[in-house]
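Subject: Structure for your review

Dear colleague,

Here is the structure I said I would pass on. My notes follow it.

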Amino acid sequence: MSRTALRICPLCEATCGLTLTIEGTRVTKARGDRDDVFSKGFICPKGASFGAADGDPDRLRTPLVREDGELREATWDEAFDAVAAGLRPVVEEHGPHAVGVVLGNPNVHTMAGALYPPVLLAGLRTHSLFTASTVDQMPKHVSSGLLYGDAVAIPVPDLDRTDHLLLLGANPLESNGSLCTAPDFPGKLKALKARGGTLTVVDPRRTRTAKLADRHVAIRPGTDALLLAAMAYVLFEERLVDLGELAPHVQGVDELADAVRDFTPEAASQSCDVPADVIRELARELAAAPTAAVYGRIGSCTVPHGTLASWLVDVLNILTGNLDRPGGALFPLSATDKAPRPAGPGRGFALGRWHSRVSGHPEAKGELPLSALAEEIDTATGEGSPVRALIAVATNPVLSAPDGDRLDKALGTLDFMVSVDPYLNETSRHAHVVLPPPPPSQAPHFDFAFNAFAVHNQVRYTRAAVPLEPGRMAETEILARLVLAATGMHGADPAAVDTLVIDQTLGKAVTDPHAPVHGRDPGELAAALTGDSGPERRLDMMLRLGPYGDGFGARPDGLTLAKVLAHPHGIDLGPLGPRLPQPLKTRSGKVELLPEPIAGDLPRLREALRERSEGLVLIGRRHLRSNNSWLHNVPALTGGTNRCTLHIHPEDAERLGLTDGAPVRVRGAGGAVTAPVEVTDGIRRGVVSLPHGWGHDRPGTRMSHAALDPGVNVNQLLDGSLLDPLSGNAVLNGVPVELTRTS
């Protein structure tokens, strides 16, 4: 007999509500939840394939422990005994920085991944932290930190109300959006056009999003910052700058005008291949629109000037008065965010508080570049110990980071490695212990990260749709036990981790004069928490202390876990609204329009005005039915257009003697791969494209379907030396490559 259950989809950033059909303990169907307050029934192919991903027979069911060089099945107790025995000696002999932690993209898609890694890092006190952010979005965090004093204060476009949207390096019809949580992003763009608004897309490819646009600007890859700087120049030159109500909250306008004086449209057009008159039109249209928003994503982040491009996105929103106003770019307010406090100067944002051991890369947001992980393991020179042990949580950097071959070899030299992963993939195959979390149907879900980037304020929580299978361990308990094993408390009750966090949080809150619980007894507050588990009690605490919370009774109509559970389709908390100056945490208490690190990097951008590569350059590609390397083992999400092919323009193909479907050798600084050619006029001349996340051809993995059509690892074309210097983000787009016909 079948039943239905609600579940928030964890397979991309859109966080759509699903209605699952369940036969026994198996998910047999997934459809959009029409009553979901946020997604309103929208579903994409990934969400529709939830059951297939959830029930993948290649998912690991029991822990694996390495013995005599081979991984064997083990009990949970054996596995955690091995973790404690492997990690603690490294810490005690070589210090905490000898233990590296790598966090992958899926961490932000699970409740456990949001709650426990911060506790692990605080307990370990290691500086050797690497995450997927430095192959994706770190430039946006750094630019926001420098502008607003808070690296997670990222304004999002007000898609439902804007009159004019300028997208750079973003293809939300394929990706469903990123750092902009918006179910049915395609529908929102169509609605924008239907109400008479304008959509402009800047992208080297004529993507599905570009096809929908009123104007498609086929820019040369890697030059987004030049285009945006030239647009800022036009705004100043033609006296189109109008901060409006932002003016009292912004400093550095005159200094910015001086800083961009060299970036004329005529100068920038030579490098970015966008005519000067088009650059001027883009700036004028942005300034003339009743409301407008500029939004840049991965294509504008994973380039040599990624932080400058991310900064200039916000600069244009500020100069046109569109930051922090409806229809422009607004700061979301999540239900688990900290409750707003009086505006005023903050601590600001600092870069380079420590540096990587080998190449001296500065940390950003507490992280070192993922591109540097291999050298931090395999290079003995430099002060301090190399990384000798690794904790990898939901990550596959052998495919997602540059020069996977070097990292692949380096992982094999570690003294110890533990991987939390449902698959034996290209990275976890090196682990001494593999701890597999249960499938998503057997886990609760709350979007701690993505609600902070949502285009509409709301709150939703779903408990596990299916009971935890015998022999499985909840991901929350796995990570709690990992915290204990890594920090010298192996064998303690895992519930102690949640209790510790609750006690520390409430103990701090009652001493805060701006908190609703100031002066109260933390023990009494802890006793009032509800929930069936430690993680639920922590969620209840965060909701109650948050901006919409009940303040533990201080605001009777406020949010609690019980109230959210009583609304299974979510609670609408209203549209985004103006929030400045409250989100600002800069030392000045204002938006610092031209922070020193940005000013210090502008000479490098001026040098780019004189640069132009005449050879072929490479860009990546996203697929609607994929998410990095996660989903290639699900048959329903491979095949069709979701293929690992090299896109090339017909004129370039003819010049090089390449034909559709024929193999071609692609060589970059990090190595070479061979992929089939796909000739298409959907990409501009001088540019080729390979998708990210493929390369499932290494021995020792257990991903049977992915291995049938492995594709090639585009990141192997990179040697890891190209980084955006401010953020440490890998340069993945606009890199030179050479093509050679194969017989």
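I start with Q442, which lies in the loop between β17 (433-435) and β18 (456-459). The model is a predicted one. Q442 has a relative accessibility of 9% and therefore counts as buried, the cut-off being under 20%. Not counting residues up to four places away in sequence, Q442 touches A464, V466, P467, L468, E469 and R472. From Q442 to A259 the C-alpha distance is 54 Å, with the two positions 183 residues apart in sequence.

Next, the cores. The largest nonpolar core has 64 residues, and those with the most contacts inside it are Y148, L227, M231, W311, I318 and L593. At least two of its residues come from each of several elements, including α6 (138-148), β9 (164-168), α10 (224-237), α15 (306-319) and α24 (596-608). The largest share, 11 residues, is supplied by α10. A second core of 53 residues is separate, and L87, V433, A480 and L482 are among its members. Nonpolar side chains tend to be buried together in soluble globular proteins.

Y148 can be followed further. Leaving aside neighbours within four places in sequence, its contacts include A153, P155, D314, I318, L323 and F331. Also in contact with Y148 is a run from the 580s, P583, L584, K585 and T586, together with V591.

α15 has 14 residues, and from its first C-alpha to its last it reaches 20 Å, close to the 20 Å expected at 1.5 Å a residue. Because 14 of its 14 residues are buried, α15 is largely enclosed by the rest of the structure. Just after this helix, G321 takes a positive phi of about 75°.

The other helix I looked at is α3 (residues 76-94). Its 19 residues should span 27 Å at 1.5 Å a residue, and the end C-alpha atoms are indeed 27 Å apart. The buried residues of α3 are W76, A79, F80, V83, A84, G86, L87, R88, V90 and V91. Of these, L87 is also one of the residues of the second core. G95, just after α3, has a positive phi of about 95°.

α3 also holds an aromatic pair. The whole structure has 4 such pairs. W76 and F80 form a stacked one, with 6.3 Å centre to centre and 25° between the planes. Why are W76 and F80 separated by about one helical turn? They are 4 residues apart in helix α3. An α-helix has 3.6 residues a turn, so residues three or four places apart point the same way. W76 is buried at a relative accessible area of 12%, and F80 is buried at 3%.

Two arginines sit over aromatic rings. R538 lies over the face of Y116, 5.1 Å from the ring centre. R544 lies over the face of F552, with 5.1 Å to the ring centre.

On the strands: β10 (residues 198-202) is mostly covered, with 4 of its 5 residues buried. β9 runs parallel to β10 and is joined to it by 5 bridges, with L167 opposite V201 in β10. β10 also pairs in the parallel sense with β11 (residues 215-217), over 3 bridges, and there T200 stands opposite R215.

Further along is an open sheet of 7 strands with mixed pairing, in the order β26-β21-β25-β22-β24-β23-β27. Its edge strands, β26 (735-736) and β27 (738-741), each pair on one side only. Inside that order, β22 (residues 646-648) and β24 (residues 671-679) pair in the parallel sense over 3 bridges, and I648 stands opposite V679 in β24.

Last, the backbone. Most residues other than glycine have a negative phi, and most peptide bonds are trans. The peptide bond from L580 to P581 is cis, with omega near 5°; P581 lies in the loop between β19 (571-575) and β20 (591-592). R239, in the loop between α10 and β12 (250-251), has a positive phi near 55°. R239 counts as exposed, at 78% relative accessibility. K365 also has a positive phi near 55° and is placed in the loop between β14 (329-330) and α16 (373-378). K365 is partly exposed, with a relative accessible area of 30%.

Regards

Conventions. Residues numbered from 1 in each chain as written. Predicted model: local features only at pLDDT ≥ 70, side-chain atom pairs only at ≥ 80, totals over all residues. Heavy atoms only, no water. Core = buried A, V, L, I, M, F, W, Y, C linked by side-chain atoms within 4.5 Å. Buried < 20%, exposed > 50% of the residue type's maximum accessible area, 1.4 Å probe, protein only. Contact = heavy atoms within 4.5 Å. Expected span 1.5 Å × (residues − 1). Phe/Tyr/Trp six-rings, centres within 6.5 Å; stacked < 30°, edge-to-face > 60°. Lys NZ or Arg CZ within 6 Å of the ring centre and 35° of its normal. Pairing = 2+ DSSP bridges.
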